[in-house]
Amino acid sequence: MLKIRILGSAAGGGFPQWNCNCENCHQAWQNSPNTQARTQSSLAVSVDADNWFLLNASPDIRQQIQQNPCLHPKKNKRHSPIKGVILTNADVDHIGGLLTLRESQPLSLYATKRVLNVLHTNSLFNILNPDYVIRRELLPDQKIELCFHDTQASGIEIETFPVPGKVALYLEDEKAGHNFGSIPEDTVGIKVSSINSGKSFYYLPGCAALPDDLGERINGSDLVFFDGTTWIDEEMIKTGCGIKTGQRMGHMCMDGENGSIHAFQRLDIKRKIFIHINNTNPVLLENSAERTIVKNAGWEIGYDTMEINL
Ligand code: MLT
Ligand code: MN
Ligand code: ZN
């Protein structure tokens with residue numbers, strides 16, 4: 001058994017975003033049947049339906065726990081089915097939820113050295129009491145079995161690998177040249193496997209390009225969750241919501257020659273699901289032409305509480 005739940009299918013800001021009145025958000029604020037609200041980027045995974053690991057911890061985690069009964073406390077006065085968190089980068093939408101996971105609950109926290117360093121250097125994260133929250137380093141291309149806080153084996157294996165991306169927005173160094181001081185460890189993808197069943201999937205919520213070696217890595221897989229931030233690269237600018245392209249933010253758009261739909265066409269992947277979808281992306285509107293194009297290209301649009309069993 002390998003159970004996956006999408007806790008949050010939106011990019012940073014969620015859908016609708018608190019200060020956004022773009023065409024999409026406007027409809028979402030009106031509760032249009034054409035839209036479905038979405039929380040920020042996170043997945044949960046389990047091999048026994050009792051113990052869960054989170055892939056990223058979004059600032060919406062409290063709402064996400066509420067929306068997913070599998071994550072409710074069940075046993076003692078203090079209990080959580082959440083046994084740990086794996087981080088793919090240090091973006092606010094992926095680490096903000098750690099602050100909600102305080103209250104001296106045993107947890108196992110996994111991230112690259114670079115991302116762990118961000119947590120170490122910001123004293124706010126000391127609220128995660130080190131007596132209860134063990135921080136464990138992920139090395140590139142290393143396969144490890146996830147452990148609970150007490151080193152009990154979980155039956156879940158992960159493999160992390162660098163993907164094209166960018167350092168977190170609040171750490172960008174303008175003086176460091178075109179990539180703002182980004183290093184490969186800033187953004188990773190994860191392969192998650194059930195040790196018992198051998199079933200596996202890939203999770204890449206932030207990915208700026210699909211070079212050949214990355215394509216080869218994920219080719220032939222049963223399931224890939226992929227960065228669906230924008231439809232076109234200029235989307236933030238065209239919708240009047242920002243001044244940056246998707247590429248500038250470390251994301252690959254869906255449409256066009258340089259887009260993910262085109263790049264995945266040469267790959268053989270059973271299920272492809274877009275996640276980390278920005279509120280400006282027209283695929284969020286259920287009657288949009290873009291939504292139809294995505295579906296016809298064999299992709300699914302992830303939604304909150306979506307469950308997949310491999
Ligand atoms: C991103 O995915 O580009 C970031 O989450 C943006 C942000 O930090 O708000
Ligand atoms: Mn993000
Ligand atoms: Zn918006």
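Which residue stands opposite K3 in strand 2? In this predicted model, with local features requiring pLDDT of at least 70, side-chain atom pairs pLDDT 80 or more, and totals for chains, interfaces and linings using all residues, the residue opposite K3 is S46. Residues are numbered from 1 along each chain as written, chains are lettered from A and ligands numbered from 1 in the order written, and side-chain values use heavy atoms, without hydrogens or water.

Helices (H or I, at least four residues) and strands (E, at least two) are DSSP runs, numbered from the N terminus. Strands pair if DSSP finds at least two bridges between them. An open sheet of 7 strands is ordered 6-5-4-3-2-1-14, with mixed pairing. Strand 6 (133–138) and strand 14 (307–309) form the edges; each has a single partner strand, so one side of each lacks a neighbour in the sheet. Neighbouring strands are turned by 20 degrees against each other on average, direction ignored. Axes here are lines fitted to C-alpha atoms, for helices over the stretch in contact, and angles run from 0 to 180 degrees between N-to-C directions.

Strand 2 (42–46) pairs on both sides. Strands 1 and 2 run antiparallel and share 5 bridges. Strands 2 and 3 (residues 52–55) are also antiparallel, joined by 3 bridges. A44 stands opposite L54 in strand 3. Strands 2 and 3 form a hairpin with 5 residues between them, and A49 in the turn has a positive phi of about 70 degrees. Of the 5 residues in strand 2, 5 are buried (buried, under 20% relative accessible area; exposed, over 50%; partly exposed, in between; 1.4 Å probe, protein chains only). S42, A44 and S46 point one way, L43 and V45 the other. In a regular strand, side chains alternate between the two faces of the sheet.

Elsewhere in the sheet, strand 4 (residues 82–86) and strand 5 (residues 107–112) run parallel, with 3 bridges. G84 has S108 in strand 5 as its bridge partner. Helix 4 (residues 113–121) lies across strands 5 and 6, at about 120 degrees to strand 5.

T39 lies in the loop between helix 1 and strand 2. T39 is buried, at 5% relative accessible area. Its side chain reaches the backbone oxygen of L7 at 3.0 Å. Beyond neighbours within four places in sequence, the contacts of T39 (heavy atoms within 4.5 Å) include L7, D60, Q63 and D304.

Two metal sites were examined. Donors are N, O and S atoms within 2.8 Å of the metal (3.2 Å for Na, K and Ca); water is not among the atoms, so sites may look incomplete. For the manganese ion (ligand 2), the protein donors are D93 (OD) and H276 (NE2), at 2.1 to 2.2 Å. D93 lies in helix 3 (residues 92–95) and H276 in the loop between strand 12 (271–275) and helix 8 (289–296), so the pair ties together parts 183 residues apart in sequence. D93 is buried at 7% relative accessibility, and H276 is buried at 3%.

The zinc ion (ligand 3) is coordinated by C20 (SG), C22 (SG), C25 (SG) and N279 (OD1) at 2.2 to 2.3 Å. These donors follow the spacing C-x1-C-x2-C-x253-N. C22, in the loop between strand 1 (3–8) and helix 1 (23–29), and N279, in the loop between strand 12 and helix 8, are 257 residues apart. Both C22 and N279 are buried. The 4 donor atoms subtend angles of 100 to 117 degrees, so the arrangement is tetrahedral (four donors, all angles between 85 and 135 degrees). The ideal angle for four tetrahedral donors is 109.5 degrees.

Notes
Tetrahedral: all angles 85-135°; square planar, octahedral: opposite > 155°, others 65-115°. Polar contact = N/O pair within 3.5 Å; in protein donor to acceptor, adjacent residues only side chain to side chain.
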